[in-house]
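This report describes selected features of one protein chain for a reader who is new to structural analysis. Please keep the sequence and the three-dimensional view at hand while reading.

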Amino acid sequence: MKRITIKDLSNYLSISKSTISRALVNDKNINPDTKKRILEAVEKLGYKPNPAALNLKYGQSKSIGMLVPEMTTPFSSKVLQGIQNVLYPLGYRVIIMQSDENPLIERKNLLLLEEFNVDGIIMNLCHENYNQDVYQQVMERGTPLVFFDRIPGQSLDASKVMVSDRIKASLMVEHLVGTGRKKIVHIMGPSTIRNAAERASGYKRILTKYNIFDPELMIRPEGMMFEHGRNAAKKLLDAKVEFDGIFAFTDTLAIGAMNYLLEEGIRIPEDVAIASFSGTELATIVHPQLTSVEQPLVEMGEKAAELIMEKIKDAAVPSKTIMMDAELIYRASTKR
């Protein structure tokens with residue numbers, strides 16, 4: 001069945017399209033009898049308004065872009081849940097794109113969201129500095145950006161939502177040391193993001209404190225997914241590196257490493273204790289369950305959405321940095 005348009009209503013009623021459009025947005029200057037005729041025709045003909053077209057006509061798309069490195073794990077989906085908690089009741093939709101940890105794809109998708117005329121963009125970036133010029137240009141052209149988790153360099157004036165990666169990583173490594181581990185591997189994050197440097201710094205600080213830091217135990221995997229954690233563990237065993245603990249940048253890396261060690265007959269946590277940072281549901285659906293720094297992902301999304309709405313309502317409002325707390329959850333992967 002053909003979709004009924006405003007043009008069809010105009011022909012049916014012999015009323016101008018502009019008058020019909022004004023009636024549909026409840027313009028008080030429309031004659032009540034005319035408005036009644038229009039609304040009766042809308043119901044009779046089954047007209048469904050195009051919200052995107054109406055919103056664009058009045059200066060907003062009522063859509064927000066969300067650009068993240070990946071949607072494979074629950075991390076981004078939990079943040080999205082928080083974003084939707086705030087935006088959906090306000091009549092906003094969320095357009096989701098992923099960069100696949102590639103700054104060139106991130107740049108392309110960022111500009112594409114701008115072309116879609118979104119009212120704002122919430123981002124978890126994949127490279128701290130690579131696209132700083134584009135972030136700045138997009139904001140100068142009128143589209144506000146808010147960053148969560150992975151944030152850009154300090155020179156960019158934008159609102160941010162984050163946790164204290166260095167402090168929480170320090171506390172988790174302190175926990176591993178407290179269980180008697182002395183040769184703790186760090187499976188690191190990308191060298192191009194602040195989080196990785198902060199978590200590595202926390203790891204190094206604690207091991208140096210106990211005089212057991214060994215730079216040879218800091219390993220940079222080829223990526224961030226399960227297979228990359230698995231490959232890191234395989235390389236350790238193949239090289240006959242002695243270790244009794246692992247602190248991984250993410251749950252996915254930790255689980256990949258843990259699965260390989262278990263396949264090789266290495267007991268967890270008796271032989272090797274494993275802990276991670278992120279705190280998604282993945283930590284609870286593996287055996288043994290994974291000790292992890294759990295970030296408040298839903299709340300992080302809610303705060304990011306609130307910040308983007310502040311910028312949409314008033315572009316001149318000062319940028320804010322919100323530091324959220326993260327909880328250390330101790331599970332079977334580190335308990336003897």
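Which residues in α5 meet residues in α12? The model examined here is predicted. In α5, the residues F75, K78, V79, Q81, G82, I83, N85, V86 and L87 take part, and they meet L297, V298, G301, E302, A305, E306 and M309 in α12. By class, this contact of α5 with α12 has nine nonpolar, four polar and three charged residues.

**Helix packing**

Two packed helices are described by the angle between their axes and the distance between the axes. Helix α5 covers residues 74-87 and helix α12 covers residues 297-313; they pack at an angle of about 45°, with their axes 7 Å apart. The two helices are therefore oblique to each other. The crossing in which α5 passes α12 is right-handed.

A second pair consists of α8 and helix α9 (residues 194-209), whose axes come within 7 Å and cross at roughly 40°. That angle makes α8 oblique to α9. The crossing of α8 and α9 is right-handed. On the α8 side, the residues D165, R166, A169, S170, V173, E174 and V177 are involved; among their partners in α9 are R194, E198, Y203, I206 and K209. By class, the contact of α8 with α9 has six nonpolar, four polar and eight charged residues.

Helix α8, which spans residues 165-178, also contains H175. Is H175 buried or exposed? Its relative accessibility is 17%, so H175 counts as buried, the cut-off being under 20%. Leaving aside residues up to four places away in sequence, H175 touches T291, Y330 and T334.

**Strands and sheets**

Strands of a sheet pair through backbone hydrogen bonds, either parallel or antiparallel. In this model, an open sheet of six strands has the order β2-β1-β3-β4-β5-β11, with parallel pairing. The edge strands are β2 and β11 (residues 321-324), each of which pairs on one side only. From one strand to the next, the twist averages 15°. Helix α12 packs on this sheet and touches β1, β3, β4, β5 and β11; the direction of α12 makes about 170° with that of β5. Within the sheet, strand β1 (residues 63-68) and strand β3 (residues 120-123) run parallel and are joined by four bridges. The bridge partner of G65 in β3 is I121.

Strand β6 (residues 184-187) has its own pairings. How many bridges join β6 to strand β8? There are four, and β6 and β8 (residues 245-248) run parallel. One of the paired positions is I184, whose bridge partner in β8 is G245. Strand β6 also pairs with strand β7 (residues 218-219) in the parallel sense, over two bridges. Here I187 stands opposite I219 in β7. The side chains of β6 alternate: I184 and H186 point one way, V185 and I187 point the other way, and all are buried.

**Backbone features in the loops**

Most residues other than glycine have a negative phi, and most peptide bonds are trans. Four places in the loops of this model may be read against that background. The table lists the backbone angle at each.

| Place | Feature | Angle |
|---|---|---|
| I268 and P269 | cis peptide bond | omega about 10° |
| H287 and P288 | cis peptide bond | omega about -5° |
| S14 | positive phi, not a glycine | phi about 55° |
| D100 | positive phi, other than glycine | phi near 55° |

The position of each residue along the chain can now be added. P269 is found in the loop between α11 (residues 251-263) and β9 (residues 273-278). P288 has its place in the loop between β9 and β10 (residues 291-294). S14 lies in the loop between α1 (residues 6-13) and α2 (residues 17-24), and D100 lies in the loop between β2 (residues 93-98) and α6 (residues 103-115).

Why does S14 count as exposed? The relative accessible area of S14 is 68%, and exposed means over 50%, so S14 belongs to that class. For D100 the relative accessible area is 45%, which means that D100 is partly exposed.

Conventions. Residues are numbered from 1 along each chain as its sequence is written. This is a predicted model: local features need pLDDT of at least 70, side-chain atom pairs count only at pLDDT 80 or more; totals for chains, interfaces and linings use all residues. Side-chain values use heavy atoms; hydrogens and water are left out. Buried means under 20% relative accessible area, exposed over 50%, partly exposed in between (1.4 Å probe, protein chains only). Contact means heavy atoms within 4.5 Å. Axes are lines fitted to C-alpha atoms, for helices over the stretch in contact, and angles run from 0 to 180 degrees between N-to-C directions. Angles under 35 degrees count as roughly parallel, over 145 as roughly antiparallel, 65 to 115 as roughly perpendicular and the rest as oblique. A crossing is left-handed if the near helix is turned anticlockwise from the far one by less than a right angle, and right-handed if clockwise. Ala, Val, Leu, Ile, Met, Phe, Trp, Tyr, Cys and Pro count as nonpolar, Asp, Glu, Lys and Arg as charged, and the others, Gly among them, as polar. Two strands pair if DSSP finds at least two bridges between them.
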